[in-house]
Every structure is written in structure tokens, then in C-alpha cells.
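Reader: I've got a model open and I'd like to learn how to read it. Could you take me through it piece by piece?

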Amino acid sequence: MNLFYLGMALFLLLNILAGLWRVMAGPNPSDRMVCAQLFGTTGVAILLLLSQALESPYIRNAALVFALLIIPAVLAFVRNTSYEITKEN
């Protein structure tokens, strides 16, 4: 079963690498931010899979901290984006 978890973690890591292309080629900042959010979510999933595969609760705790840090990043982006839209109109 550990091999399955490690394989899934590798698959998710490949998804992050594919997402890097979107960050570099994104047509606007919103696309790039959504992709960065995908990195955060996928990173948390990878850590949870590694925690299960390696039977290490410390990695699970790190994943929970990263999950909590995603929320302020989204709020900051939405706040800055809405301010720019209001400023343009």
C-alpha cells in the first residue's frame, strides 16, 4: 500500500511541474494565482500521502500548517485584485 501512496505523490508532483508551465505562460495574474493555489493544495495532498506512506505524523502536521497558510494567500490576492478593479473603474 505504501507503494501506491508514493506513486500517487509522484503523480501529483508531476502535476505541479505541469502547472509551472501555466504560471509562466498565464495570460493574466488571475490564472497564475489559481495555479499557485493548485500548487498549495497539491502540495498538501503530497505531504499527506507521504505522511501515510512513511507513517510519520510530523509530515501530517506540516501539511495542516500549509493548508492554513493557503487561506491568507487567497485573501490577500482577492483583496489586491478587487482594489485594482475598483481603481480602474
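Reader: Let's start with Leu6. Which element is Leu6 in?

Author: Leu6 sits in helix H1. Helices here are DSSP runs of H or I with at least four residues, strands are runs of E with at least two, and both are numbered from the N terminus. Before we go on, a word on the source: this is a predicted model, where local features need pLDDT of at least 70, side-chain atom pairs count only at pLDDT 80 or more, and totals for chains, interfaces and linings use all residues. Residues are numbered from 1 along each chain as its sequence is written, and side-chain values use heavy atoms, with hydrogens and water left out.

Reader: Is Leu6 buried, exposed or partly exposed?

Author: The general idea is a cut-off on relative accessible area: buried means under 20%, exposed over 50%, and partly exposed in between (1.4 Å probe, protein chains only). Leu6 has a relative accessible area of 38%, so it's partly exposed.

Reader: What does Leu6 touch, leaving aside its neighbours within four places in sequence?

Author: A contact means heavy atoms within 4.5 Å. With those neighbours set aside, Leu6 is in contact with Leu50 and Ala53. You can also look at C-alpha atoms: those of Leu6 and Leu54 are 9.1 Å apart, although the two residues are 48 apart in sequence.

Reader: Back to the whole of H1. How do I check a helix's length?

Author: Take 1.5 Å times one less than the number of residues, and you have the expected span. H1 covers residues 2-25, so its 24 residues should span 34 Å, and the end C-alpha atoms are 35 Å apart, which agrees. Try it on H2 too: 26 residues should span 38 Å, and the end C-alpha atoms are 37 Å apart, so that agrees as well.

Reader: Which residues of H1 are buried, and what covers them?

Author: The buried ones are Tyr5, Ala9, Leu12, Ile16 and Gly19. Their cover includes helix H2, residues 29-54. Ala9 shows this nicely: beyond its neighbours within four places in sequence, Ala9 contacts Ile46, Leu49 and Leu50.

Reader: Which residues make up the largest nonpolar core?

Author: A nonpolar core is a set of buried Ala, Val, Leu, Ile, Met, Phe, Trp, Tyr and Cys residues joined through side-chain atoms within 4.5 Å. The largest one here has nine residues: Tyr5, Ala9, Leu12, Ile16, Cys35, Phe39, Ile46, Leu49 and Ala53. H1 and H2 are the elements that give two or more residues to this core, and H2 provides the largest share, five residues.

Reader: And what about the outside of H1? Leu17 caught my eye.

Author: Leu17 is in helix H1, and its relative accessible area of 49% makes it partly exposed. Together with Leu10, Leu13, Leu14 and Leu20, Leu17 forms a nonpolar surface patch with about 440 Å² of accessible area. Patches are built from residues with over 30% relative accessible area and no salt bridge (a side-chain nitrogen of Lys or Arg within 4 Å of a carboxyl oxygen of Asp or Glu). Like charges are joined within 9 Å, and nonpolar side chains (Val, Leu, Ile, Met, Phe, Trp, Tyr) within 5 Å. The areas come from the Shrake-Rupley method with a 1.4 Å probe, and for residues only the protein chains shown count as cover.

Reader: On to H2. Is Ser51 buried or exposed?

Author: Ser51, in helix H2, has 1% relative accessibility, so it counts as buried. Beyond its neighbours within four places in sequence, Ser51 is in contact with Ser56, Pro57, Ile59 and Arg60. For contrast, try Val34, also in H2: at 57% relative accessible area, Val34 is exposed.

Reader: What follows H2?

Author: Glu55, with a positive phi near 50 degrees. Glu55 lies in the loop between H2 and helix H3 (57-88), and is exposed, with a relative accessible area of 67%.

Reader: How many helices and strands does the protein chain have?

Author: Three helices and zero strands, giving the pattern α-α-α along the sequence. Of the 89 residues, 22% are buried. The chain exposes about 6500 Å², and carbon and sulfur atoms supply 71% of that. Among contacts between residues at least 6 apart in sequence, 54% join residues at least 24 apart.
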